[in-house]
Amino acid sequence: MTDEKNLEQRLKSALPPQKAPEELRMKLRQELMRQPQTRRKHSGLPLGIASIAAVLVLGLVLWPTLFPNLPTLPSIASTGPVTRGASGGPGFELKLVYTKAGQLAELPVKVDAVFYPPVPFSPQAVTEAAARLGVSGEVVTEPWQDGQTHRIDGPSGETVIIFPSGFYNYHRPTPAEFEADAFPSKAELVDAAKGFLSRLGIDPVSAQLGEIKVPETVDFDTAEIYFTPTYITNQVSISPYARVLVGPDKEIYGAGWVWPAGDQEVNTYSTRSIAAAWQDVQAGKGKLVVDYHAITGPVAGTVINGTAQVTEASIAYILTYGPDAGVVLQPVAAFTGEATLEDGSKVPFTVYTEAVQERYYQPK
Amino acid sequence: MTTRGASYAETDDAVLAARAQGDRAAFAELYERYMDKVYTYIYYRTGHSSLTEDIVSNTFLKALDHIGKFRPRGGGFPAWILRIARNEMVDVLRREKRQVPLEDEWPTGNNASPEHQAISREENAELRRKVEQLPPAQKEVIILKFSLGLGNKEIAQIIGKSGTAVSSLQHRALTTLREEVKPL
């Protein structure tokens with residue numbers, strides 16, 4: 001063989017044809033079939049459906065071989081409310097009819113879910129958290145809902161509690177009267193709150209500043225500073241978060257936080273189509289996120305009706321818990337827009353549903 | 001995996017393209033025929049799986065939108081779809097302002113024939129590195145020629161140069177590679 005032929009043969013060997021991943025092939029084929037077509041012939045429809053069915057059936061058969069080890073995600077249906085202001089129930093039900101303003105963009109082909117170690121719910125966990133805050137005492141375990149809490153009461157009235165979800169609460173009494181007659185600047189309040197995060201072992205650099213509520217007078221004791229993790233893009237659940245209560249004297253008088261920590265495992269999942277997610281929302285299977293505080297009463301009945309126009313769809317994240325108490329930061333398909341309620345008022349909303357393909361979820 | 005509609009399996013590309021304007025199954029057959037070629041081309045050019053998947057997806061969606069503009073001349077449907085892929089890739093890279101380096105480990109050929117496998121992984125890796133170091137235009141011709149098995153006429157259609165220019169680029173690339181790669 002001549003040098004020329006030898007080299008050409010070696011190039012063919014070194015640059016072999018590639019086969020597109022089956023997952024991409026299936027997803028794109030489905031997408032192509034879904035695209036609007038102005039002049040569809042009737043004869044093409046059965047063939048298209050048969051082809052899609054063949055792809056799907058064969059894909060399901062091959063799937064365990066191709067992707068054997070992905071852990072399942074908690075089903076969205078099993079998660080609790082994430083809406084701000086709804087923890088005790090808003091006292092009414094919001095019933096929205098969803099429409100979309102135009103065609104919604106497809107979700108990314110793949111998304112990540114982050115798995116954390118199980119919640120460190122134990123007497124030792126609350127002892128360690130209390131120690132970071134300079135609080136020591138005996139651990140008291142008490143019944144709470146269908147579980148229990150662990151609490152430490154300090155000698156000066158401080159309290160540190162851990163709940164089964166990994167939520168911590170810290171409280172210490174405020175003085176009878178503050179010497180300061182006004183709150184310091186927001187920047188100073190934020191600095192004080194960040195200092196507190198450091199004491200908890202949360203790196204302030206990883207904490208994104210959220211809402212800041214400063215009372216008009218010191219009579220209301222404390223300002224509230226909210227943080228969420230910077231590494232989460234488009235977070236729709238309240239958790240993870242940290243809420244720090246700062247007094248006019250820049251001392252910390254309370255806090256609540258859920259902040260997953262420990263070794264993370266990131267797994268990548270294939271998404272389902274935006275059309276499938278949208279069907280869930282229209283069928284009432286989505287989880288609605290509205291700031292119920294923005295809806296003024298009184299409500300003449302137990303239901304407020306309204307229409308909700310979706311203008312955008314994207315991947316967002318919520319914090320969920322697996323059956324083994326593992327904490328999962330999982331992706332959801334989030335639809336956002338503005339709802340018009342029956343009294344004409346308008347409120348922004350997000351409604352979300354499952355983002356990844358059904359086989360990745362734990363049984364509902 | 002066989003997914004194509006049996007009635008179109010033997011149909012000519014040009015006929016399929018004409019029918020694809022009103023028949024999605026015809027387009028699906030073209031998709032099955034050329035998916036791997038487009039994927040191979042973009043993967044070797046970008047060296048990134050996720051980027052490749054995005055570009056390949058956009059390529060076929062654009063092709064579907066513009067299938068009515070396809071005319072069976074020049075390099076035929078392969079040249080047409082690969083040209084769309086090339087334009088899409090250039091747009092994406094420009095938009096993201098990315099200089100995409102090839103991954104250290106190019107694919108080693110899961111689908112390689114026994115003959116391919118006879119050549120050692122190390123020798124292939126060395127040759128791929130040399131291809132990667134070629135000027136972009138030369139590298140592109142080498143990928144289209146030896147990985148996709150296209151002729152000079154089709155390559156010329158895809159990269160927008162004359163057949164003579166393609167021959168020249170290929171000649172210069174092979175000369176460089178011959179000098180730099182030790183003979184077996």
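This is a short tour of a predicted model, with stops in chain A and then in chain B.

**Stop 1: chain A as a whole**

Select chain A and colour by secondary structure. You should find 6 helices and 15 strands. Chain A has 364 residues, and 33% of them count as buried. Now think about how the chain folds back on itself: take the contacts in chain A between residues at least 6 apart in sequence, and 69% of those join residues at least 24 apart.

**Stop 2: chain A by confidence**

Switch the colouring to pLDDT. The average for chain A is 82, and 82% of the residues score at least 70. Which elements of chain A have the lowest and highest mean pLDDT? Select residues 44-66 for the low end: this is helix α3 of chain A, with a mean of 51. For the high end, jump to residues 186-200, helix α5 of chain A, where the mean is 95.

While you're in the low-scoring part, pick out residues 37-48 of chain A, where the pLDDT is below 50. Setting aside near neighbours in sequence, that stretch still has 17 contacts in the model. Then try residues 63-68 of chain A, also below 50 in pLDDT. Here the model shows 2 contacts beyond near neighbours in sequence.

**Stop 3: a helix pair in chain B**

Move over to chain B and select residues 136-147 and 152-159, which are helices α7 and α8. How are two packed helices described? By the angle between their axes and the distance between the axes. For α7 and α8 of chain B, the angle is about 135° and the axes are 10 Å apart. That angle is why α7(B) counts as oblique to α8(B). Rotate the view and look at the crossing of α7(B) and α8(B), which is right-handed.

Next, show the side chains where the two helices meet. On the α7(B) side, select E140(B), V141(B), L144(B) and K145(B); across from them in α8(B) are I155(B), I158(B) and I159(B). By type, the residues of this contact split into 5 nonpolar and 2 charged, with no polar ones.

**Stop 4: V181(B)**

Finish by centring on V181(B), in the segment after α9 (163-180) of chain B. Is V181(B) buried or partly exposed? It's partly exposed, because 19 other C-beta atoms lie within 10 Å, and a buried residue needs 20 or more.

Now bring up L127(B). V181(B) and L127(B) are 54 residues apart along the chain, yet their C-alpha atoms are separated by 6.7 Å. Leaving out neighbours within four places in sequence, V181(B) is in contact with L127(B), E126(B) and K130(B).

Technical notes. Residues are numbered from 1 along each chain as its sequence is written. Chains are lettered from A and ligands numbered from 1 in the order in which they are written. This is a predicted model: local features need pLDDT of at least 70, side-chain atom pairs count only at pLDDT 80 or more; totals for chains, interfaces and linings use all residues. Axes are lines fitted to C-alpha atoms, for helices over the stretch in contact, and angles run from 0 to 180 degrees between N-to-C directions. Helices (H or I, at least four residues) and strands (E, at least two) are DSSP runs, numbered from the N terminus. Angles under 35 degrees count as roughly parallel, over 145 as roughly antiparallel, 65 to 115 as roughly perpendicular and the rest as oblique. A crossing is left-handed if the near helix is turned anticlockwise from the far one by less than a right angle, and right-handed if clockwise. Two residues are in contact if their C-beta atoms, placed from the backbone, lie within 7 Å. Ala, Val, Leu, Ile, Met, Phe, Trp, Tyr, Cys and Pro count as nonpolar, Asp, Glu, Lys and Arg as charged, and the others, Gly among them, as polar. pLDDT is the predictor's confidence in each residue, from 0 to 100. A residue is buried if 20 or more other C-beta atoms lie within 10 Å of its own, exposed if 12 or fewer, and partly exposed in between; C-beta atoms are placed from the backbone.
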